[in-house]
Amino acid sequence: MVELWFAILCLMLVMFAVLGGWDFGAGALHFIAARNQDERRMLIAAIGPLWTWNEVWLVAGGGVLFVAFPRVLAISFPAYYLALFLVLWTLILRGIALEVRGLIDSGLWRAFWDTAFAAANILLAILFGAAIGNVVRGMPLQADVPLSLPLFTNFGVRGPLGILDWYTVSVAVFTLVCLCAHGASYLALKAEGEVYRRAKALTKWLWPIAVVLLLVVSAETFYVRPELFTRMADRPLAWIALLLTAGGTAAILTGPRAGAEARTFWGGCVFITGLLGSAAASLFPVILYSTVSGQYSITAYNGSSDASSLRAASYWWPVAFALSFVYFWFVGKHYRGRAQTSQYGHDPQ
Amino acid sequence: MTDDAAFWHRIQFAFTIVYHYLFPQLTMGLAWFLVAWKWLHLRTGDPRYGDAARLWTRIFGINFAVGVVTGIPMEFQFGTNWSSFSKYAGGVIGQSLAMEGMFSFFFESAFIGAMVWGEKRLGPRNHFLATLGVALGSWLSGYFILVTNAFMQAPSGYAFAADGSLRLASLSDFLLNRWALIEFCHNQCAAIVTGAFAIAALGAFYVLRGDNGSQGRLFLKWGAAVGLVASAIVAFPTGDAQAKMVARLQPQALAAMEGRFQSGPIAEITLIGQPDVQKRQLDNPIRVPGMLSFLAFGTFHSDVPGLGAFPEDTWPTNIELLYYGFHVMAGLGTLFILLMALANLQQIRGRLESSRRLLWILMLAFPFPFIANTAGWVTAELGRQPWLVYGLFRTRDGYSAAVSSGDTLFTLIGFAGLYFVVGLLYVFLVGREVLHGASPGLEHA
């Protein structure tokens with residue numbers, strides 16, 4: 001039961017990384033892939049009417065963490081208090097920018113919200129990356145000492161830890177590049193005209209850079225947490241995830257050159273899924289790793305809700321999960337194909 | 001110092017939830033007007049309904065967006081600011097909060113974009129379905145939140161786990177908590193009152209201004225008719241049932257709501273007065289004898305306990321605010337019924353559009369349902385004190401010990417600043433739509 005809920009939590013986060021990821025990545029490229037206001041309108045139309053649906057994976061993932069692993073929530077959220085509010089406020093700014101940009105037909109209005117939107121996406125991609133970095137690196141957890149992490153200390157991964165150090169910053173940079181590449185793949189599939197051409201060109205550069213950065217980050221991870229790699233050997237799920245990563249890598253390196261937009265796009269989705277999957281498979285069962293001593297780590301077993309609470313949740317969760325795709329299908333079928341800025345009813349967003 | 005920390009955590013949650021709920025109450029109230037207008041437009045083809053739905057959908061879209069972005073921090077604050085509570089009750093209240101995300105947010109978020117931007121793409125039938133989807137999703141979302149609140153007010157369906165925290169014992173007892181069902185009826189009708197008053201206000205504005213008259217008349221008619229029915233249901237039977245439930249399950253809260261310190265039969269209801277907690281009395285009261293006994297327990301002779309009957313450490317912590325919150329809510333609710341009855345009377349006599357004074361009142365009345373809803377929630381949440389989960393877990397034990405009061409104050413000020421800007425933006429954008437009015441057809445702007 002606990003293993004199932006660990007898997008569900010990972011699934012929610014993978015869905016957010018893949019689906020929300022292309023929105024954040026495309027948004028981070030707002031000024032690079034789209035050079036004038038008409039093109040930016042096209043970019044936002046490509047992110048389209050389902051950006052909130054994509055972002056719900058994050059919010060619902062928070063709900064899953066709450067019901068299944070309340071101790072993890074209760075320790076990590078206060079520990080990262082100010083960083084989390086930075087995320088929340090930036091999410092607010094991003095949502096507002098996306099929704100109100102198209103409401104007023106004025107160049108100054110749009111320029112302002114375009115800038116806010118792009119900046120918010122870049123910052124959020126970095127913050128999500130730093131969050132992954134913190135989970136992998138661990139935090140100085142001890143028994144009965146409330147944890148609170150400073151933003152940064154001496155940028156080292158040993159000794160007094162901060163949220164940002166050379167390792168978490170590297171993961172953040174990799175995440176930003178990876179999401180930008182993913183966003184560019186999405187735009188190459190959904191956009192038209194100049195945005196489409198630029199996005200296609202960007203995938204040729206960004207994916208190889210992402211792969212190189214992944215090698216760097218993997219080497220760094222081996223230095224920070226070597227046992228994660230040795231552990232993979234006897235975990236078949238980790239092999240599958242690694243195979244997915246390898247397959248995705250092949251697709252994102254060959255797809256852009258061959259002009260195969262769909263191959264690049266799906267390759268990117270598989271690449272991200274495989275990476276997060278292999279991280280989860282090697283981290284399991286630890287969710288919050290203690291850098292002080294293994295006995296203080298919060299695992300899926302000692303951090304979960306009672307079995308009866310988990311059982312109740314496993315009755316309704318699959319129903320809700322399946323239903324969410326029904327709505328997606330109902331709306332998504334109307335927005336198939338490439339985005340067109342003229343086909344919106346009220347104001348072309 | 002620890003009390004100080006708890007205080008700032010409470011203020012931050014109170015501020016962010018009160019601000020957030022200004023938007024969903026209008027969303028939930030407007031949603032069914034939109035469904036009705038879309039349906040009538042689909043069936044009759046009458047363009048007035050299509051235009052009305054289109055104008056209010058634009059306002060709805062802005063309102064919904066602000067509701068979404070101010071709602072995300074609410075869920076996360078359980079973890080950041082109330083981690084001890086989350087650890088204690090997460091296995092239970094996490095259910096309804098996760099269900100809200102899984103069932104309602106996916107539902108609403110899939111349809112909201114299509115509803116606001118996709119009238120042309122979806123075609124009339126599917127656009128109606130998208131509107132219906134958003135309405136259902138927003139009400140479902142409201143239900144899950146009220147289930148969460150109902151568990152804090154009158155816990156049901158739980159048991160204790162080995163480590164002393166709460167675990168879920170019965171999903172159906174938890175989801176079909178009697179408190180949740182009654183609170184849902186009461187609260188959702190109150191949301192419809194907010195929507196009806198907003199619609200009537202815009203109708204009055206258009207009629208008074210003298211242009212856009214056909215839209216104005218439609219809004220006045222619908223706003224007044226629905227507003228009267230909904231205001232009446234908020235008072236009876238839903239408000240009445242809510243009061244009887246509070247009398248039975250939270251007798252201290254009822255005593256504090258009425259500023260009642262002494263117990264006894266033929267309990268009087270207080271219309272006006274000021275509680276003086278120091279002296280254990282109500283200053284300058286105007287009362288109706290026996291009414292409280294009747295409203296709370298059904299007979300004029302029922303014994304209604306005062307606060308003196310309970311140990312002081314189970315008294316609500318802010319009796320004055322609780323008293324005023326309840327009286328503001330109940331007083332405004334009564335005035336809403338009177339105002340809407342008068343509006344409907346004039347409507348039936350065919351004189352509503354020429355009663356300029358009444359139109360002015362209707363136009364300026366729309367903020368008051370927001371105030372009444374807020375005051376009602378202040379009553380519910382202060383009445384629950386000093387408990388976070390009634391009878392089980394105290395509020396002062398629930399906050400995050402790892403977060404300093406300075407950090408909480410910082411984020412509170414941050415929210416105040418950010419929400420001020422968001423509020424300005426909202427007023428500006430909705431104001432534009434209102435002044436712009438309903439543009440006929442699909443092809444405008």
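## Where chains A and B meet

In the contact between the two chains, chain B contributes 60 residues and chain A contributes 56 residues. Please keep in mind while browsing that this is a predicted model.

Let's start on the chain B side. Five elements of chain B each bring at least two residues to the side that touches chain A: helix H2 (47-80), helix H3 (83-117), helix H4 (119-153), strand S2 (166-168) and helix H13 (405-436). The biggest giver is H3(B), with 26 residues. Sorted by class, the side of chain B that touches chain A holds 35 nonpolar, 16 polar and 9 charged residues.

H3(B) also meets a helix of chain A, namely helix H5 (residues 70-79), and the two axes come within 8 Å, crossing at roughly 145 degrees. The crossing of H5(A) with H3(B) is right-handed. On the H5(A) side, the contact is made by A:Pro70, A:Arg71, A:Leu73, A:Ala74, A:Phe77 and A:Pro78, while H3(B) offers B:Ser83, B:Ser84, B:Ser86, B:Lys87, B:Gly90, B:Gly91 and B:Gly94.

Here are the class counts for the two contacts side by side:

| Residues considered | Nonpolar | Polar | Charged |
|---|---|---|---|
| Side of chain B that touches chain A | 35 residues | 16 residues | 9 residues |
| Contact of H5(A) with H3(B) | 5 residues | 6 residues | 2 residues |

Finally, a look at one residue of chain A. A:Leu283 sits in helix H12 (residues 261-283) of chain A. Is A:Leu283 buried or exposed? A:Leu283 is buried, because 21 other C-beta atoms lie within 10 Å, and the cut-off for buried is 20 or more. The C-alpha atom of A:Leu283 is 9.5 Å from that of A:Glu227, a residue 56 residues apart from it along the chain.

Conventions. Residues numbered from 1 in each chain as written. Chains lettered and ligands numbered in written order. Predicted model: local features only at pLDDT ≥ 70, side-chain atom pairs only at ≥ 80, totals over all residues. Contact = placed C-beta atoms within 7 Å. Helix = DSSP H or I, 4+ residues; strand = E, 2+ residues; numbered from the N terminus. Nonpolar A, V, L, I, M, F, W, Y, C, P; charged D, E, K, R; others polar. Buried ≥ 20, exposed ≤ 12 C-beta atoms within 10 Å, placed from the backbone. Axes fitted to C-alpha atoms, helices over the stretch in contact; angles between N-to-C directions. Left-handed = near helix turned anticlockwise from the far one by under 90°.
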